[in-house]
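Dear colleague,

I am handing over a structure for you to look through before we next talk. Please keep it open beside this message while you read.

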Amino acid sequence: MVGIGQRWGLGSGIVVGNGQVLTNAHNVRGEEVTVTFGDGRFETGTRQAADFDRDLAVLAVDTKDIRPVEVGSPNGELKIGRPVFALSNPGGRGLRVSFGLVSGTERTFRGPRGRRISGSIEHTAPLLPGSSGGPLVTESGRLLGVNTNRLGEGFYLAIPADESLQQAVTTLGRGEVESRPRLGIGIAPPWLARRLRRAVGLPEASGVLVRVVEEESAAAKAGLKEGDLIVQVAGRDVAELDVLQDAIDTVKTGGTLQLRVLRGAEERTVDVAL
């Protein structure tokens with residue numbers, strides 16, 4: 001167990017390899033971050049890579065002779081009602097351990113960039129601020145997941161320590177991030193899009209509103225502009241963000257995605273090469 005950060009953006013982390021620490025991507029706000037070990041020693045960790053869509057990051061730091069945690073939970077360990085312990089060391093301010101039960105599996109939440117993270121473990125072990133990135137373990141110390149998100153009052157979510165997590169640790173440890181097709185836009189959800197259109201006197205329509213277009217992105221090259229309302233994607237009405245995200249995920253890099261957008265009151269078709 002390690003602490004991440006010192007003054008703000010406090011978090012926790014796990015030694016997963018010789019010289020490697022796993023934490024949440026939202027705990028790492030720059031290329032370097034302070035890592036505090038259980039004996040009070042602190043070192044400067046360097047971000048190897050961060051996957052903000054999965055909210056995971058791997059840091060390179062001198063772990064000395066600390067034995068790494070083995071990532072990859074055994075089959076049959078994850079059942080509703082099983083006892084679990086959540087561990088944390090918020091910003092290196094001291095180890096915390098809390099007890100709870102697995103209250104749900106296959107839960108979904110959104111990462112820092114709004115992408116859905118599926119398959120999460122829901123549990124009831126209380127977490128202090130700064131606990132994200134710490135481990136969820138069995139009574140024997142086996143790693144079940146990486147604590148990541150608060151879900152309502154008294155419920156918490158952890159990314160499961162399965163083969164997918166192990167692959168992510170390996171990839172991030174090499175300084176790489178899994179390639180995914182991206183539009184390169186920031187959006188407002190349908191409910192806010194309707195309110196904003198109504199405020200400027202435009203007819204209401206269901207869709208996601210483009211708030212930001214990244215320079216040199218696929219969206220910019222296709223001619224999407226701030227203020228465009230995406231109402232259809234690949235022939236499906238965009239009643240919620242997940243419709244757009246699911247459509248993007250089905251397109252291979254280099255493929256094309258067809259959008260119907262409203263620019264003001266004018267409707268047009270835009271083909272985006274991802």
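Below I go through the chain as a whole, then its two barrels, and then one helix.

A word on the source: this is a predicted model, in which local features need pLDDT of at least 70 and side-chain atom pairs count only at pLDDT 80 or more, while totals for chains, interfaces and linings use all residues. Residues are numbered from 1 along each chain as its sequence is written, and side-chain values use heavy atoms, with hydrogens and water left out.

The protein chain has four helices and 18 strands, where helices (H or I, at least four residues) and strands (E, at least two) are DSSP runs numbered from the N terminus. Its C-alpha trace spans about 65 × 35 × 35 Å along the principal axes. Of the 274 residues, 47% are buried, a word that stands for under 20% relative accessible area, as exposed stands for over 50% and partly exposed for what lies in between (1.4 Å probe, protein chains only).

Now to the barrels. Six strands close into one of them in the order β1-β2-β3-β6-β5-β4, with antiparallel pairing; two strands count as paired if DSSP finds at least two bridges between them. Within this barrel, β3 and β6 run antiparallel and are joined by four bridges, and Thr23 has Ala57 in β6 as its bridge partner. Another six strands close into a barrel in the order β7-β8-β9-β12-β11-β10, and here too the pairing is antiparallel. In that barrel, three bridges join β10 (residues 135-137) to the antiparallel β11 (residues 143-150), and Pro135 stands opposite Val146 in β11.

Finally, the helix α1 covers residues 163-173, and its buried residues are Leu165, Ala168, Val169, Leu172 and Gly173. Seen down the axis of α1, these buried residues fall within an arc of 125° (taken from the directions from the helix axis to the C-beta atoms), so they line one face of the helix. Glu163 and Gln167, on the other side of α1, are exposed. The buried residues pack against β2, β3, β5, β6, β11 and β12, where contact means heavy atoms within 4.5 Å. At the N-terminal end of α1, Asp162 acts as a cap, with a side-chain oxygen 3.2 Å from the backbone nitrogen of Ser164. After α1 comes Gly175, whose phi is positive, near 80°.

With best wishes

How values were computed. Polar contact = N/O pair within 3.5 Å; in protein donor to acceptor, adjacent residues only side chain to side chain.
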